[in-house]
Structure formats: C-alpha cells, structure tokens
Amino acid sequence: MKRFVSMLLFMSVFFTMFATVGQAAEVVPKLFLNGQQLKSDVNPQIINNATVVPVRTVSEGLGYQIFWDNVSKTATVTHSNNVIKLILNDNVALVNDQKVQMDTTASVIKGTTLVPLRFIGEQFGLDFEWKATEKEVHMYEHPQEPSDPNAPIEAAGIITNVAYSGDSTLTINYEGVVKANKPLLLDNPKRVVFDFPNTAFTPILNTQFLNGQFEVDVTDSTYLDGFRYSLFSKSPPVARVVILIADNTGYVMTEDLGKFQLKFMPLKDVPVDPTVPVEPPVVINPENPPASNDVFDIVIDPGHGGSDPGAKSVLNKWEKEFNLSIALKMKALLDKETKIKAHFTRTGDTYPSLDERVKFAESLKADLFMSIHANSGAKAASGSETYYYRENSKAFAAVIHKHLIAATKIKDRGLKKEGYKVIKQTTMPAVLIEAGFLSNSVDAKMLFDNAAQNRIAAEMVAGIKEYLKVK
C-alpha cells in the first residue's frame, strides 16, 4: 500500500485542537505491525486504560484520503469504500453515516498526535492483539491475494501525459472522463496535491514509475521546484499528482477537453485561491439588470456532450444527459417568453469546446450566460452549489442559487467563486450550477426524476426572470 504522509501532517494539525485527555501510564507498550516493531518520536501510551498510538506510526502504510470542510469543522477520511467523518471536539466518529464511539479522545503529547488504537484497528481494517505479559500491541494487515502487476486497471479516465512547459505551467492530458478532487495545500515541503478518482495512467507511463512513482525536478522556474505522479490506489483507481511549489506561490487551474492546465504565479496575482472554501453569503441584493427595453438575449449552456459525457451517475446515466434534459425543459418554457430570447450552445448530443461556448456567447453580446452541470465526488457528498467568477456575476448567481435550492430541496452547499473557463472568459453576468451529486444515490435519483427536472427548469427560468425583472 502507498504512503500518505500529507494526510498525517493534516491530521496532526487537525487534532492539535483537541484537548489532551487523562494521564499517560508509566508503562509504555510496544507496537508491532505485521510482526515488525514500529518506531516513532513519541512512544505509544496508555491513557484512561486505552492504548493510544501516534497516527504517523500506524497510518503510513495505509492508503486513505482526507478532506477538510472549514464550514462544518469536519475531516472526512475516505479509504476504499469507507467514509469516516471526524468532527472537531467530538469523540464520536461517523463511519458510513453510522455513529462509532472511540475508546478515548485523541491527544497531543510533545507535539505528536495520538489516537485510540482500537479505532484505528477496527475502522481501517487492521486486526490487533494485546499481549499483556509483554506489554505489546500487535497489529496485522489482512492478507491479500497477489495481483498481476500487468493486469489492466478499469477506470473511467486515463492520464496520458504530465508535462512541464518551461513557463511555470503544468499540463495534465487525459482521455475519457477525468475530474479532480478538491486540491490539498500542504507544507514541509510546500506542495499542492491533486487526486483524480476513478483514473489510472497509460501503460507507458506506468513503466516509467520507480518505487511506485515518477519524479521530475524543475530548475528553471521561480514557482515550481518539481512534481511527481503515481497511482495512489488501484481499487478503486486514484491517480495522484503532487507539485512542489515555492513560498508565496499560487496557481490558476483551467480545463479544456482532454487536459487540465495549472499556471503558477505569485500568490498576490492569483484572482481566486482555489484551496480556500468560500463562505456562502448571507444576503446579496440583486444589482440592476442590463438596461434594455427590448428583448434580452441569454445563453444556456448544457455542460459536456458528445465525446465528453461528464460524470457517470450511480444510476449508470451520464451527466451530459441530465444537463441537456434541463436545458431542453428550460427551452420549452423560455420559448413562451416575449422579452427573453434563449440561445443554446447545444440542443443535441454534441460537444462544442469551451472556447466555442465562450465565443458563441460573446458573438451574441448576450445579456446573461448560464452553464448547467451536475457534480461528482464521495458517496456521502450531497447538495447544490452555484459558481460565479466576476463581480458583475455575483448578484445573478445569488438569485439563481436561491431558486436552485428551492428546486432541488437538498443540502445548500453555498455560492462559490471559481475560475471555470465559461464563466471567467465571458463578459456578461455568468453562472455555473452544480445541481447535485451524481455519485450520491439520493441526489442522483432526484436529478433524473422527471418531476424534479421540471422543478429545476422552472426555477432556473424564474431566477432569470427575477434578475432581469421580467414579469
């Protein structure tokens, strides 16, 4: 299994906010993993009759990911098909939405995080044995059937190349469906970590791996020190790209069909920090809409299409199907409006490029632009969110988001600012909606329900009319 030191660093920071519980016993137990004694700067301890061990000691051999939600103060740990949520100052964890009581609270001794051994053993698939006479804790990984290293890995997307261009730009090329999880910004050394779920590498790239990864040093950039990539997990497949960056460095990530591009620059020059969650606004009063006594031209953009199906839902339907269905239902409603003329970037299963979508809206000198999407992520992720980029789009986004939540009736994930190309490079007020999570069974069932789609389409039209002050 692969190491995940970044997660351990995060957990150390996360748990330093917990209060230390109880007093450590004088007896210091020894800790063994698969028969090998584990060493650490801080020994395992017995606190309140429960053995606690350093996270780093038992976790380096485990392959799991962690995401921090600054709003709910929750760390979500994903390992294989299990999702564990640890809430700040709470010794009850949620494991696959079920409450699990930890033996004792986490503690920090001499700057090292210690967590209950039983919790680690039970939740991350380790067997353990306490040898009282020897004062030893033995932990064992479950034996796995040997696998063929040359066997193909089934994945929705394949990364075909990761390349540095020489101008502080990193390009990740891919085939199929590839989406990036929310990036992690980590220190010591400073780096940005991108995970791509349900994604593998081409066989050619796999042959270049040394000790499980491929590393590149960068010597001619002010902002990049190097990068590496690896297959972080085989089942399910997760591709990982780690970029080592200098201090006070930020980036802008753009996406086009078949590639992600990361442009690194001074932190002060980044228009939006993509690693910081945006708090949803409390109230935004809509600004005056475009002045016109005639007909408003609006562009509706059903995301993806054709060769780019978008995310696959748990119902085995594709995001492009949902996006187009909502757009066509909106078209039926908008065609009845006398003061609004709707234009569509696609009305069938075709793929206009992102540049073509922007050019289409700009050539029309459209008054508004709306891009329709659905989200994908962990099974537990749920809710609707609305994105904008420029300040002239914020009020429009606030109105649309209000109507989106009214239509979907699921978790409100807020109004967010992000530099997606179609809402960044257009000049009119522009929004991008993520109606719900196709990876969540409840969200997906709602998104492909005809009555729910009719509600979403009607509310989107109502939001457009409200913003334009069209009766």
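**Exercise 1. A ring pair across the fold**

Buried or exposed: which is Y174? Then find its aromatic partner and say what the pair ties together.

*Solution.* Start with accessibility: Y174 has a relative accessible area of 9%, so it is buried (buried is under 20%, exposed over 50%, partly exposed in between, with a 1.4 Å probe and protein chains only). A quick note before you go on: this is a predicted model, where local features need pLDDT of at least 70 and side-chain atom pairs count only at pLDDT 80 or more, while totals for chains, interfaces and linings use all residues. Residues are numbered from 1 along each chain as its sequence is written, and side-chain values use heavy atoms, leaving out hydrogens and water.

Next, F260, which is buried as well at 3% relative accessibility. Now the rings. Phe, Tyr and Trp (six-membered ring) pair if their centres lie within 6.5 Å; planes under 30 degrees apart are stacked, over 60 edge-to-face, the rest tilted. That rule gives 11 aromatic pairs. For Y174 and F260, the centres are 5.2 Å apart and the planes sit at 35 degrees, so call this pair tilted.

Last step: place both ends. Y174 belongs to strand β15 (residues 169-176) and F260 to strand β23 (residues 259-266), so the pair ties together parts 86 residues apart in sequence. (Helices, H or I of at least four residues, and strands, E of at least two, are DSSP runs numbered from the N terminus.)

**Exercise 2. Another pair**

Which geometry do F322 and F448 adopt, and where does each ring sit?

*Solution.* With 6.2 Å centre to centre and 70 degrees between the planes, F322 and F448 are edge-to-face. F322 is in helix α5 (residues 319-334), and F448 is in the loop between α9 (441-447) and α10 (450-468); they are 126 residues apart, so to speak a link between distant parts of the chain. Both F322 and F448 are buried.

For extra credit, look at the ring cluster: F201, F209, F214 and Y229 are joined by ring pairs.

**Exercise 3. The two sides of α6**

Which residues of helix α6 are buried, and what do they pack against?

*Solution.* Helix α6 spans residues 354-364, and its buried residues are L354, R357, V358 and A361. They cover an arc of only 95 degrees around the axis, which puts them on the same side of α6 (the arc is taken over directions from the helix axis to the C-beta atoms). Turn to the face pointing away from that side and you meet the exposed K359 and S363.

Now the partners: the buried residues of α6 pack against β22 (249-256), β24 (296-302), β26 (368-375) and α8 (421-424), with contact meaning heavy atoms within 4.5 Å.

Finally, check the backbone. K365, just after α6, has a positive phi of about 50 degrees. Most residues other than glycine have a negative phi, and most peptide bonds are trans. N248 also has a positive phi, near 55 degrees; it lies in the loop between β21 (237-245) and β22 and is exposed at 61% relative accessible area.

**Exercise 4. What N392 touches**

With which residues beyond four places in sequence is N392 in contact?

*Solution.* N392 lies in helix α7 (residues 391-408) and counts as partly exposed at 30% relative accessibility. Its contacts beyond four places are T427, M428, P429 and Y467. Take M428: it is 36 residues from N392 in sequence, but 7.5 Å away in space, C-alpha to C-alpha.

Then the polar atoms. The N392 side chain has a polar atom 3.0 Å from the backbone oxygen of T427, and it makes a polar contact with the side chain of S393 at 3.3 Å. (A polar contact is a pair of N or O atoms within 3.5 Å; within protein, one must be able to donate a hydrogen and the other to accept it, and residues adjacent in sequence count only if both atoms are side-chain atoms.)

**Exercise 5. Where to hold back**

Where does pLDDT stay under 50?

*Solution.* pLDDT is the predictor's confidence in each residue, from 0 to 100. The protein averages 78, and 69% of the residues score at least 70. Residues 58-63 stay under 50, with 22 contacts beyond four places in sequence in the model. Residues 272-289 are below 50 too, with 36 contacts beyond near neighbours in sequence. Where pLDDT is low, the predicted coordinates should not be read in detail.
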